[in-house]
Each structure stands twice: as C-alpha cells, then as structure tokens.
Amino acid sequence: MRRSASPLSLTLLGLGVFLLVLAPMLAFYVEPRAKRTPVDVNTTTVMTGTGTYFDRGSVSAREDQELTVTRRVLGNVAVSTENDVAVWDVSVTIDTPDTLKLDDPRKSFQWTTERWVTDRETNKPVHCCDEAPTQFSGDAYLKFPFDVRERSYRWWDNTLGDTVTMEFDKRVKLDGYEGLRFTGEVAPTQVDTRQVPGVLVGVDAPQVMAEEWYANENIELVVDETTGRILKATSAPDITLRAPGGEEPQVTLLYSDALTFTDETIESQIDLASADSRKLRLVGTTAPVGAAIAGVVLTGAGGFLVVRGRREPQP
C-alpha cells in the first residue's frame, strides 16, 4: 500500500496556513492603517447653558440667559485626499435666545469659521491647505489621538490662542459607555484689545483700547479611549473687558459657569464612537484572533490528514 494526500487534506492545510499568515497581517498591518482620522465627516454638536452676555442694543449685560453653542464640522474630502491629511472646515456660532430663533449664523451673537488640518495618523497639526488659525498646536482639539492614554494632553483653546494642559481625572460612564475624563482650566489672561467708548470701561475718554481678558475655570472633556472622539464637553468661559492697564473687569462680554453638550449630542457622539470602535476591534482583535484559532485548527487537521494519507492498493 502507498499513501497519498487527498484534495481535502491539502485544501484544509492551505486554508489553515493562509489564515495563520492573515492573522498577524490584520493585527500589525491592516489595523494600524485603519486608525486614520476620517475625511468625510459631517457632524454637528450643540452645547447649552445659562449665562451672561453683553447686549449691544441696550449696551448692558443680560444675565440668566440661555446660551447655545453650535459647532458644525464638514470634512473637505478633495483637499484631504490630495494632501493625505484631514482637512475639516468648522463653523461655530454662539447664540442668545434672540439670535437663536433667527437661524442665521451671520446674525448670531458670535460666529467664527475655521479650517483645521491634522495628520490623519497622529492627530498633530499640519500647516498647509489654508489652515486657520495658523498657530494651531497641541495634541488635540476637535478630537484626541487614537488610543487615548491615562495621561495629560495639550488641548488647543481657540479663545485663548494657546494650549491648555488637560489632566486625566478618571474613567466615567455615559449611558453605560465608558470614557476617559480630562479636566483643565485657564487662568485670567489678556487675549486681545478692542476699541470701545471710554465710559464703557470707566475711563474719561471718547475712545480707548480696552483689554479683552479670558478665563475658564472648568474645562471638562470625556473622551472615547479607542477613537479619541469627544463624547461630552463642558466649558465655563468668562470673557471680560478691562480698562487699559486695569486690574478688574469692567464689562462682561460672555460668561457661563457650565456650557455642556446636550443629551442628544452626547447620544450621537457615543453612537459614532461605538461604531468606529467596533470596526477597529474587528480588524485589530476579533478577526486576527479568530483567524489564528481557525488557522491552527485547519492546519492541524490538514497536516494530520496529509501525514495519514489515504491507503491505495499498489498496481
């Protein structure tokens, strides 16, 4: 009698070897390349809270008003693909009860447009493609890097025009979904000057260059560990005017002790983070482990059948 390998044994052996090769490729080649900041984003986040703002019409501060901050992010796919970076065009409006009902960013209390350009792998700023602001730096702004760690990060604060150190606080649950909580604050800092009537800041002069100061005693960010997506954000902006060289605020331009993501925004952010995390786990853990186990089983079975062979009579 002689032994020969059956087609089944060779098929099992070949498939097993293929899966054993595929497993490390998924884990060490495909999964790292899947961790790229998306370029086709189209998201809206909303923060609300009660605060004070300076009403230009009445030339006075209005207190205990509902404030709404809306950020719209639209990925510029054409520019991103051409330069292999993530280019996001961002529109931010701050609305009072009077301007919110107008539903027009040009008539909001404050409207800014920005263009953020980052490395799709590291999340570091890339200075190209008509970025604005041009001095952007740090580790994070609209999102954190992938694989967030329990350490401090440099968070870009656009009002400050500089980075804020965000310290890791603890792990928290939002609707049962776990995120990493980071906290930081901004001490009172002069960020700009603006020409105003002297009487507004207690100066006996027709016009003066008043100092614009900014502080924020409560910046809180809850971040998805895998994707770096912001699940919840809280901020306490305090923007005031001082007389030139003055030590005390004379006018409150904008203040709130807690502007926070709405429940709808938190739910949406969790859904997006959960979906993206599942995809990354699939190619980084689930698929490689499954392929490795199946590869071992099939290779063993195929090898056994090849060795055992099938008995055929000698001619």
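Student: Which strands each supply at least two residues of the lining of the largest cavity?

Tutor: Strand 4 and strand 5 do. Keep in mind that we're looking at a predicted model. A cavity, in the sense used here, is a space where a probe fits but cannot get out. In this chain the largest one has a volume of about 100 Å³.

Student: Which residues line the largest cavity?

Tutor: Let me go along the chain: Thr37, Ala86, Trp88, Trp116, Thr118, Asn123 and Phe136 are in the lining, and so is the run Asp139, Ala140, Tyr141, Leu142 and Lys143. Sorted by character, that lining has seven nonpolar, three polar and two charged residues.

Student: How many cavities of 30 Å³ or more are there?

Tutor: There are two. The second largest has a volume of about 30 Å³. Its lining consists of Thr45, Met47, Val69, Arg71 and Phe261. Strand 2 (42–55) and strand 3 are the elements that give two or more residues to that lining. By character, it divides into three nonpolar, one polar and one charged.

Student: Strand 4 has come up already. Why can strand 4 be called largely enclosed by the rest of the structure?

Tutor: For this you look at burial, where a residue counts as buried if its relative accessible area is under 20%. Nine of the 10 residues of strand 4 (residues 86–95) are buried, so the strand is largely enclosed by the rest of the structure. For the whole chain, buried residues make up 43% of the 315 residues.

Student: How many bridges join strand 4 to strand 5?

Tutor: To read pairing, you look for the bridges between two strands and the direction in which they run. Nine bridges join strand 4 to strand 5 (residues 110–118), and the two run antiparallel. One pair to find on screen is Trp88 with its bridge partner Trp116 in strand 5. Both of these Trp residues also line the largest cavity.

Student: And what joins strand 3 to strand 4?

Tutor: Eight bridges do, and here too the strands run antiparallel. Strand 3 covers residues 60–75. Try locating Val73, which stands opposite Val90 in strand 4.

Student: What about pockets? Which residues line the second largest pocket?

Tutor: A pocket is an open space, unlike a cavity. The second largest pocket is lined by Thr70, Arg72, Thr93, Asp95, Thr99, Leu100, Asp103, Asp104, Pro105 and Ser108. Strand 3, strand 4 and helix 3 (97–100) are the elements that give two or more residues to this lining. The pocket's volume is about 150 Å³. Its lining residues divide into two nonpolar, four polar and four charged.

Student: Let's turn to the nonpolar core. Which residues touch the most other members of the largest one?

Tutor: Think of a core as a set of buried nonpolar residues joined through their side chains. The largest here has 55 residues, and Phe144, Trp155, Phe182, Val201, Leu221 and Ile230 touch the most other members. Strand 9 (residues 207–223) gives the most to this core, with seven residues.

Student: What is Trp155 in contact with, leaving aside its neighbours within four places in sequence?

Tutor: Trp155 is in contact with Ala140, Tyr141, Leu142, Phe144, Asp162, Thr163, Val164, Met166, Leu221 and Ile230. Among them, Ala140, Tyr141 and Leu142 also line the largest cavity.

Student: How many helices and strands does the chain have?

Tutor: The chain has four helices and 14 strands. As for contacts with a separation of 6 or more, residues 24 or more positions apart account for 58% of them.

Key: Residues are numbered from 1 along each chain as its sequence is written. This is a predicted model: local features need pLDDT of at least 70, side-chain atom pairs count only at pLDDT 80 or more; totals for chains, interfaces and linings use all residues. Side-chain values use heavy atoms; hydrogens and water are left out. A nonpolar core is a set of buried Ala, Val, Leu, Ile, Met, Phe, Trp, Tyr and Cys residues joined through side-chain atoms within 4.5 Å. Buried means under 20% relative accessible area, exposed over 50%, partly exposed in between (1.4 Å probe, protein chains only). Contact means heavy atoms within 4.5 Å. Two strands pair if DSSP finds at least two bridges between them. On a 1 Å grid over the protein atoms alone, a cavity is a set of points where a 1.4 Å probe fits but cannot get out, and a pocket is an open set with protein on both sides within 12 Å along at least five of seven lines; lining residues have an atom within 4 Å of a point. Grid points are joined across faces, edges and corners, and a volume is the space filled by probe spheres set on the points. Ala, Val, Leu, Ile, Met, Phe, Trp, Tyr, Cys and Pro count as nonpolar, Asp, Glu, Lys and Arg as charged, and the others, Gly among them, as polar.
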